[in-house]
Number of protein chains: 2
Amino acid sequence: MATARTRLSSDQRRSQLLDLGVRLFSTRSLSEISIDLLAERAGISRGLLYHYFGGLAGFQEAVVRRAADDLIARTAPPESGDAVERLLISMEAYVEYVDTHYEGYLSLITGAKSGNETLRRIYDEGRSALTDRIFTSDTDHLLEDTPAARLLVRGWAALAEEMVLEWKRDETSGTDPGISREELLHLITAALPALSTTL
Amino acid sequence: MATARTRLSSDQRRSQLLDLGVRLFSTRSLSEISIDLLAERAGISRGLLYHYFGGLAGFQEAVVRRAADDLIARTAPPESGDAVERLLISMEAYVEYVDTHYEGYLSLITGAKSGNETLRRIYDEGRSALTDRIFTSDTDHLLEDTPAARLLVRGWAALAEEMVLEWKRDETSGTDPGISREELLHLITAALPALSTTL
């Protein structure tokens with residue numbers, strides 16, 4: 001009984017640290033999540049971090065993995081309904097996510113593209129989860145599953161990411177992005193059906 | 001006279017080194033262009049590199065700048081003609097460039113996204129040159145110049161880059177990309193007029 005209770009409490013403690021990490025990650029880049037910051041916010045020492053995550057890098061990776069899982073879960077489209085309507089709901093959650101987790105999302109991309117293999121894998125898995133959904137849905141499909149369509153959907157995901165990040169970057173720097181969040185959402189959602197006509 | 005001749009010869013020597021750098025850069029990442037490699041290929045010493053470029057980093061940046069200028073020049077569309085036709089010619093040069101300079105192009109992107117400010121600026125300038133052309137052409141326009149259209153064209157450039165890199169990555173790793181270079185070219189070129197219907 002004592003062992004079971006200790007194990008549970010240890011899991012809970014680990015989970016609490018991850019929750020804190022994900023909260024910090026939404027407004028901070030990964031490199032800003034330091035031992036000092038964790039000590040200040042939650043009294044976490046280097047020893048405790050090593051105990052639960054094998055060190056700061058292990059903690060940062062666990063945070064990014066949970067953030068990616070969170071993004072994938074939030075952007076899951078409804079199981080049934082019109083394909084474009086389902087895509088719109090999914091992309092609405094995506095725009096909302098990047099809008100509210102800008103710094104963290106940006107640092108995941110930076111880490112992934114700068115050659116950190118773990119971050120690249122997590123980023124690629126997140127990207128694949130989003131693009132694979134277009135083809136694995138049980139209801140009506142927007143595109144037939146072909147190599148050309150798969151490549152096009154990857155291109156569309158890059159387009160969506162670039163447009164949301166550019167829009168958010170303008171907003172963050174105090175520049176008027178020129179279009180509203182609703183217009184942005186319309187453009188990235190309408191892009192996929194429009195692109196599918198070129199196949 | 002002697003001074004003028006020396007200066008010219010110095011410029012020529014600098015230019016020759018840059019040409020070599022760009023050639024090396026087409027099949028190697030930036031980090032693989034080392035002092036040792038330059039010494040082996042052209043007898044360039046650390047001192048000579050310092051003299052002309054202030055060091056290896058300065059040389060690498062000068063190589064990337066020349067490569068970016070080269071990409072911008074090669075992908076310049078013809079001055080007149082049908083807008084879609086001109087876009088096709090421009091994108092054909094783009095696909096050809098990435099196809100033949102894959103390693104270098106990839107390392108420019110990696111450097112730009114990993115927080116090297118100089119590389120990011122060169123990359124952004126290259127990207128802007130490609131996207132601004134869509135709006136600054138003297139002949140018929142594919143899109144009206146609005147903030148939404150500017151953002152959409154940036155998204156389209158990200159789509160094109162992602163698709164070419166994915167296609168080339170498959171090809172490089174011996175995986176069948178599933179579509180030919182002609183089909184790829186068709187998809188990224190047809191994407192822009194298709195996207196413009198969503199504005």
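**Exercise 1. Fold of chain A**

Task: State how many helices and strands chain A has in this predicted model, and describe its overall extent.

Solution.
1. Chain A of the predicted model has nine helices and zero strands.
2. Read from the N terminus, the order of elements in chain A is α-α-α-α-α-α-α-α-α.
3. Along the principal axes, the C-alpha atoms of chain A fill a box of roughly 60 × 45 × 30 Å.
4. Chain A has 199 residues, and buried residues make up 31% of them.
5. Among the contacts in chain A with a separation of 6 or more, 64% join residues 24 or more positions apart.

**Exercise 2. Relation between the two chains**

Task: Find which rotation and shift superpose chain A on chain B, and name the relation.

Solution.
1. Chain A is superposed on chain B by a rotation of 180°, with 0.0 Å of shift along the axis and an RMSD of 0.0 Å.
2. This is therefore the relation of a two-fold axis.
3. Both copies use the same surface, since 100% of the contact residues of chain A recur in chain B.

**Exercise 3. The side of chain A that touches chain B**

Task: Determine how many residues of each chain are in contact, and which elements of chain A give two or more residues to the side that touches chain B.

Solution.
1. The contact involves 28 residues of chain A and 28 residues of chain B.
2. On the side of chain A that touches chain B, the elements giving two or more residues are α6 (102–113), α8 (147–172) and α9 (181–196) of chain A.
3. The most comes from α8(A), with 13 residues.
4. Sorted by class, this side of chain A has 16 nonpolar, seven polar and five charged residues.

**Exercise 4. Nonpolar cores**

Task: Describe the largest nonpolar core and identify the residues with the most contacts inside it.

Solution.
1. The largest nonpolar core has 54 residues.
2. A:Trp156 and B:Trp156 are the residues with the most contacts inside this core.
3. In chain A, the elements that give two or more residues to the core are α5 (83–100), α7 (117–136), α8 and α9; in chain B they are α5 (83–100), α7 (117–136), α8 (147–172) and α9 (181–196).
4. Leaving aside residues up to four places away in sequence, B:Trp156 touches A:Leu159, B:Ala191, B:Leu192 and B:Leu195.
5. Another core, of 15 residues, lies apart from the largest one; among its residues are A:Leu24, A:Ala67, A:Ala68 and A:Tyr105.
6. As background, nonpolar side chains tend to be buried together in soluble globular proteins.

**Exercise 5. Two helices, their spans and buried residues**

Task: For α6(A), compare the span with the expected value, then explain on which side its buried residues lie.

Solution.
1. α6(A) has twelve residues and reaches 16 Å from its first C-alpha to its last, close to the 16 Å expected at 1.5 Å a residue.
2. The buried residues in α6(A) are A:Gly104, A:Tyr105, A:Ser107, A:Leu108, A:Gly111 and A:Ala112.
3. These residues lie on the same side of α6(A) because they cover an arc of only 165° around the axis.
4. Just after α6(A), A:Gly115 has a positive phi of about 100°.

Task: Give the span of helix α4 of chain B and list buried residues in it.

Solution.
1. α4 (residues 56–74) of chain B has 19 residues, and its first and last C-alpha are 27 Å apart, close to the 27 Å expected at 1.5 Å a residue.
2. Buried in α4(B) are B:Phe59, B:Gln60, B:Glu61, B:Val63, B:Val64, B:Ala67 and B:Ala68.

**Exercise 6. Classifying single residues**

Task: Decide whether B:Met91 is buried or exposed, and do likewise for B:His186 and A:Asp132.

Solution.
1. B:Met91 is placed in helix α5 of chain B. The cut-off for buried is 20 or more other C-beta atoms within 10 Å. B:Met91 has 24, so B:Met91 is buried.
2. B:Met91 touches B:Ala160, B:Leu185, B:Ile188 and B:Thr189, with residues up to four places away in sequence not counted. The C-alpha atoms of B:Met91 and B:Ser31 are separated by 28 Å, and the two residues are 60 residues apart along the chain.
3. B:His186 is placed in helix α9 of chain B. B:His186 counts as partly exposed because it has 17 C-beta neighbours inside 10 Å. B:His186 and B:Glu92 are 94 residues apart in sequence, but 9.2 Å apart in space, C-alpha to C-alpha.
4. A:Asp132 is placed in helix α7 of chain A. With 13 C-beta neighbours inside 10 Å, A:Asp132 also counts as partly exposed. From A:Asp132 to A:Ala68 the separation is 64 residues in sequence and 15 Å in space, C-alpha to C-alpha.

Conventions. Residues numbered from 1 in each chain as written. Chains lettered and ligands numbered in written order. Predicted model: local features only at pLDDT ≥ 70, side-chain atom pairs only at ≥ 80, totals over all residues. Least-squares fit on C-alpha atoms with pLDDT ≥ 70 in both. Contact = placed C-beta atoms within 7 Å. Helix = DSSP H or I, 4+ residues; strand = E, 2+ residues; numbered from the N terminus. Nonpolar A, V, L, I, M, F, W, Y, C, P; charged D, E, K, R; others polar. Core = buried A, V, L, I, M, F, W, Y, C linked by C-beta atoms within 7 Å. Buried ≥ 20, exposed ≤ 12 C-beta atoms within 10 Å, placed from the backbone. Expected span 1.5 Å × (residues − 1). Arc of directions from axis to C-beta.
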